[in-house]
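Me: I have a structure open here and would like to talk through a few of its features with you. Could you take my questions one by one?

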Amino acid sequence: MAEMGMGKGVTAGKLASNVQKKLTRAQEKVMQKLGKADETRDVAFEEGVINFNKQYTEGSKLQKDLRAYLAAVQTMHESSKNLQECLSDMYEPEWYGKDDLDSIVEDTDVLWTDFHQKLVDNALISMDTYLGQFPDIKSRIAKRDRKLVDYDSARHNHSSTNKGKKGKDGGIKITKPASLLERATPVWAQGILSAHNIAQSNLSRNQAEDELERAQKVFEEINEDLQEELPSLWNSRVGFYISTFQSMSGFEEKFHKEMGKLDQNLYDILVKLEKQDMSGELPRGADPANHTLSPGGPPPIPKSPSKLRPAMPPRPESSPCRDMKPENIINLFDAAAAPNISVTSPTQADTLTTSAAPTAAAPTPAAAAPEETPVVAAAATNGDSEAVEMPPGFLFKVTTMHDYAANDSDELEMKAGDIVLVVAFDNPEEQDEGWLMGMKQEDWIQNKQSSLKGVFPENFTSRL
């Protein structure tokens, strides 16, 4: 019953033997500490154990830092993914490069995932395998230390058993009877008792020799294996560190190179979107189906420096208002100088051709002011076409895409859908970049010279 209570495979005799071994080892260690028993030392092996402990400590730290690095990569992956998905969600479908942007977001996520997985497969798993051999060797080193204590204890026991057993002549020394029983033994029986003591001494000596041989054999077997493994394990750290960090640096180099390409592509898309946003026009070669800004709201109003507003970036092409001078506008309708000039619509072209002929018969002096020679064009009113005289300095027509509330007395207030007649500035130097001068067509037809004329932002309109 006692054996069953101690678990399967554990007997009272085995338990007692283990307890006795622990007591013997503890006693032996105390004797060695007190200097009453010598201790077997192996300086080369002890140096190997020191290197082993150092290698194990460094490897454990490297494993910990590698896991922290992989956790940081995973966190960076999640942060990058969330950031780019946020950009993709805010990016309007009609903006430049929407499809390319979505592709970059997807490729970036795949690149992060691949980078993390390669680090796990080729660095972390390799690190775990490398450190996996240390616990077993560490337990074998501890076992060797215990067997060394057993060997020293057996050696000391054997030495004490044989000590003082022989006399000066080399014969067996017979001790005198020590107990009252021995003293009371008849003389003729004392010889038998002495022979018995000698036999017991011989038996103890033989047991001590057997114990010493057994302890020495066990110790030497485990000691020889460790003597070979420890130096080999110590030297293996160099190759392991090389392969691990070569793999990591190679993966990082490839990852950052590919990530740099994606970042450059994203940067280029945003640069083109920036140019499109500032100019209000599509870049050359852009696909209107995918690269047109969403008309969800009015564009930013170009600011006039003369009115303490921020300067508007220059447009890709100069405005026709800066290139056209009043005398050139008059010459546009000179039939002899430019018979094939076309205005904005076929109806207007026919009317202008008709009105240009009297002009050819009576040439106007070059110094004549623009307002003295009004331009005649066609205007559709209630579905009927009739000749409408254009205001002096007329250039072209535009239609208003967004409502514009005048912020100053010289600005023209407009509603979406209004048609505005663009005219030249009296002084071209007064024109600010991104602003045009004009009057509403309806106001001009009704009020002629008394029509309200003012400046307005060009990017709020579309040229007809």
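Reply: Gladly, and before we come to residues that stand opposite each other, one term is needed: two strands count as paired if DSSP finds at least two bridges between them. Please also keep in mind that this is a predicted model.

Me: OK, so which residue stands opposite V455 in β6?
Reply: That is M437, and in a similar way G438 stands opposite G454 in β6. Strand β5, which covers residues 435-440, is joined to β6 by four bridges, and the two run antiparallel.

Me: What is the strand order of the sheet?
Reply: The sheet is open and has five strands in the order β6-β5-β4-β3-β7, with antiparallel pairing. Because β6 (454-457) and β7 (461-463) each have a single partner strand, they stand at the edges, and one side of each is left without a neighbour in the sheet. On average, neighbouring strands of this sheet are turned by 50° against each other, if direction is ignored.

Me: And the faces of β6, are they covered or uncovered?
Reply: Both faces of β6 are covered, since G454 and F456 on one side are buried, as are V455 and P457 on the other.

Me: Switching to charges, how many salt bridges does the structure hold?
Reply: There are 11 salt bridges in the structure. As background, side chains of opposite charge can pair when their charged atoms come close. One network of salt bridges links D136, R140 and E229.

Me: What are the N and O distances for R140 there?
Reply: For the salt bridge between R140 and D136 the closest N and O atoms are 3.6 Å apart, and for the one between R140 and E229 they are 2.7 Å apart. The pair of R140 in helix α5 and E229 in helix α7 ties together parts that are 89 residues apart in sequence. R140 and D136, by contrast, both lie in helix α5, four residues apart, which is about one turn of the helix.

Me: Are those two acids buried or partly exposed?
Reply: D136 counts as partly exposed, at 45% relative accessibility, and E229 is partly exposed too, with a relative accessible area of 29%.

Me: What about D152, which residue does it pair with?
Reply: D152 forms a salt bridge with R155, and their closest N and O atoms are 3.0 Å apart. Both are in helix α5, and because they are three residues apart, about one helical turn separates them. D152 is buried, with a relative accessible area of 1%, whereas R155 counts as partly exposed at 21%.

Me: On to the rings, how many aromatic pairs are there?
Reply: A search of the whole structure finds 12 aromatic pairs. One of them is Y151 with F219, a stacked pair with 5.8 Å from centre to centre and 5° between the planes. Since Y151 lies in helix α5 (residues 134-162) and F219 in helix α7 (residues 187-279), this pair ties together parts that are 68 residues apart in sequence.

Me: Why do Y151 and F219 count as buried?
Reply: Buried means under 20% relative accessible area, and the values are 15% for Y151 and 9% for F219, so both meet that cut-off.

Me: Which rings form a cluster?
Reply: Ring pairs link F52, Y56, Y130, F134, F240 and Y241 into a cluster.

Me: Last one, which residues form the nonpolar patch on the surface?
Reply: The patch is formed by L15, V19 and L23, which together have about 260 Å² of accessible area. V19 is found in helix α2 (residues 12-33) and is partly exposed, with a relative accessible area of 43%.

Key: Residues numbered from 1 in each chain as written. Predicted model: local features only at pLDDT ≥ 70, side-chain atom pairs only at ≥ 80, totals over all residues. Heavy atoms only, no water. Patch = residues over 30% accessible without salt bridge, like charges linked within 9 Å, V, L, I, M, F, W, Y side chains within 5 Å. Areas by Shrake-Rupley, 256 points an atom, 1.4 Å probe, with all protein chains shown as cover. Salt bridge = Lys/Arg side-chain N within 4 Å of Asp/Glu carboxyl O. Buried < 20%, exposed > 50% of the residue type's maximum accessible area, 1.4 Å probe, protein only. Axes fitted to C-alpha atoms, helices over the stretch in contact; angles between N-to-C directions. Phe/Tyr/Trp six-rings, centres within 6.5 Å; stacked < 30°, edge-to-face > 60°.
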